[in-house]
Amino acid sequence: MTPDEILQQLTQRFGDAITEAEVKGAEVRATAKAEVAWEVCRFFREAGFEYLNCLSGADWTSRLEVVYNLSSLQQPAKAHLRVPVPREAPVVRTVTDLWPAANWHERECYDLFGVRFDGHPDHRRILLPEDWVGYPLRKDYADERMVPYTEYGMEEKLPRAEGEKPAAKAPPRPAAAPAAAAPTTPPPEAPKPS
Amino acid sequence: MSEMSAPLPVGTTVMMERTGESMEEMYVNMGPQHPSTHGVLRLMLKLDGEYITDCVPYVGYLHRCHEKIGENRSYTQIIPYTDRLDYLASMSMNFGYVMSVERLMGLKVPERAEYMRVILAELQRIASHLLWLGTFGLDLGNFTIFIYCFREREMILDLFEAVSGQRLNYSFYRIGGMAMDFPETWVEDCRRFLEWFRPRLPEYDALLTDNILFQKRVQGVGVLPARTAVEYAASGPMLRGSGLRWDLRRNDPYSIYDRFEFDVPVYDSCDVWARYLVRRQEMAQSARIVEQALAQLPAGEIQAKVPKTIKPPAGQLYARSESPRGELGFYLISDGSPKPYRYKVRSPAFVNLSVLPEMLKGCLVADCVAVLGSVDIVLGEIDR
């Protein structure tokens, strides 16, 4: 099936539950409501997308989002499915029954975003310790150990303690790399194993 | 699985209640400090006598929330962090990352830079596979191959050092090009290396491939059927070792890979042996690509014109490339600001490791190291 055909069938079958849909190159991009997320995933699975490249989350401050990147080993079409979930009760049905690959991805998404996957066979944190508090990839997660972002070259404008000198700027790089004197040679007569 | 979900203290061996016929069912921890787990990975093995009946991997010991760091850095500042993902293939990590940002920006990279990228990434693939081959031999009790592989890897590291000044974390790719051009004699040195390297491959064969003891250890062990491999989204040599001809350099070409002639080695015995052979053959194919790229290397610019502060237009994309371990994906969301709104790494070894329990079930305990070795994990990118 071409991406256009997939898109047509998708909108036909799910109607209003697909809030956004477009084709970009070989990729079908769609946004589906959380209630039908699993059914939409099954539709893609049956349409030949047997390979789950990636499952990840995103935090849009007003809502969370689960993102599925699907592809196939038979056809060049790809799919990019976004499922917004409410921040207060982020729950979506697991897709481990469609793609077992989702198991660890969903655990990671739960670990870092706090999205719950209903029916997951092994719903635990994966990267962080089990007793960790909070979900680090949410935008409102705060940790005093995090280093703030600064524009490159703006280091001297950072607030600093009384009497502290501004950090020295790195000298400019020489324009051309000195050519020769590259001791890279594989030894011409390396010992020959017998 | 459910009775295993409660974690036991590290290093404990617990005798379990006898169930059914079996008299010797027990849990054993392998790792996190174990020489054959290649880093800090902990495997909880459920044993029935000498046989593994279940396995639960515990990861995350190296977790540093790479993705959160990425959200607090500019697009250029992330490049050195990508080195630390898969520290045995930093060039490939750089490659995948800068390529995804360039796609987001719609940026065209100069020809010479593209060739440099391919040459370095393929040398990196050889170096990564060499290290894998050496340590895999070591895992299975063949020490000699380790020394041989490190001899050749050392030469590649020398080449990388001449180019970038670094031996492990290069940070050599830039958004829109490369940091510097090759030094003057570098292309010649690289050719000489390839000349030296090619006849070495039969030496490895003599040491390992034709070694009957080695064959007995790996044949028929850790079977991963093609169907399971696809369901678990295994990639790279794991997929090709299960008989699927799937290589992103060929099936979804990026950069300039469509200009080179190379074969995609595929073996369909689905075991550790097949994955070993795939990696062994890939080294020869990578050498072929480097040779062609060196012959075609054009002169010219190595850096496209990019603004000082990189602000890709708002949008999102998932870009994938073939790292030595499989499909490396970067999922980026840009909101038009100098730092990514969301930065996600789909690390190949993370997904490949998730299929390990499937391969281990029914294996002998002694084969666990061989199966784990054949996945070729790097904890730096698994734990992120």
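This passage looks at how two chains meet in a predicted model, and then at how two domains meet within one of them.

Start with the meeting of chains A and B. On one side of the contact sit 38 residues from chain A, and on the other sit 48 residues from chain B. As for where the chain A residues come from, two elements give two or more residues each to the side that touches chain B: strand 3 (51-59) and helix 3 (102-113) of chain A. Strand 3 of chain A supplies the largest share of that side, with six residues. What about the chemical mix? The side of chain A that touches chain B breaks down into 26 nonpolar residues, seven polar ones and five charged ones.

Now for chain B taken by itself. Chain B is split into domain 1, covering 2-58, and domain 2, covering 66-383. Measuring from C-alpha centre to C-alpha centre, domain 1 of chain B and domain 2 of chain B are 31 Å apart. The two domains do touch: 17 residues of domain 1 of chain B are in contact with 17 residues of domain 2 of chain B.

On the domain 1 side of this contact, the elements that give two or more residues are strand 3 (42-48) and strand 4 (51-58) of chain B. Strand 4 of chain B makes the largest contribution there, seven residues. Sorted by type, the residues on the side of domain 1 of chain B that touches domain 2 of chain B come out as ten nonpolar, five polar and two charged.

Definitions and conventions:
Residues are numbered from 1 along each chain as its sequence is written. Chains are lettered from A and ligands numbered from 1 in the order in which they are written. This is a predicted model: local features need pLDDT of at least 70, side-chain atom pairs count only at pLDDT 80 or more; totals for chains, interfaces and linings use all residues. Two residues are in contact if their C-beta atoms, placed from the backbone, lie within 7 Å. Helices (H or I, at least four residues) and strands (E, at least two) are DSSP runs, numbered from the N terminus. Ala, Val, Leu, Ile, Met, Phe, Trp, Tyr, Cys and Pro count as nonpolar, Asp, Glu, Lys and Arg as charged, and the others, Gly among them, as polar. Domain bounds come from an automatic or database domain assignment.
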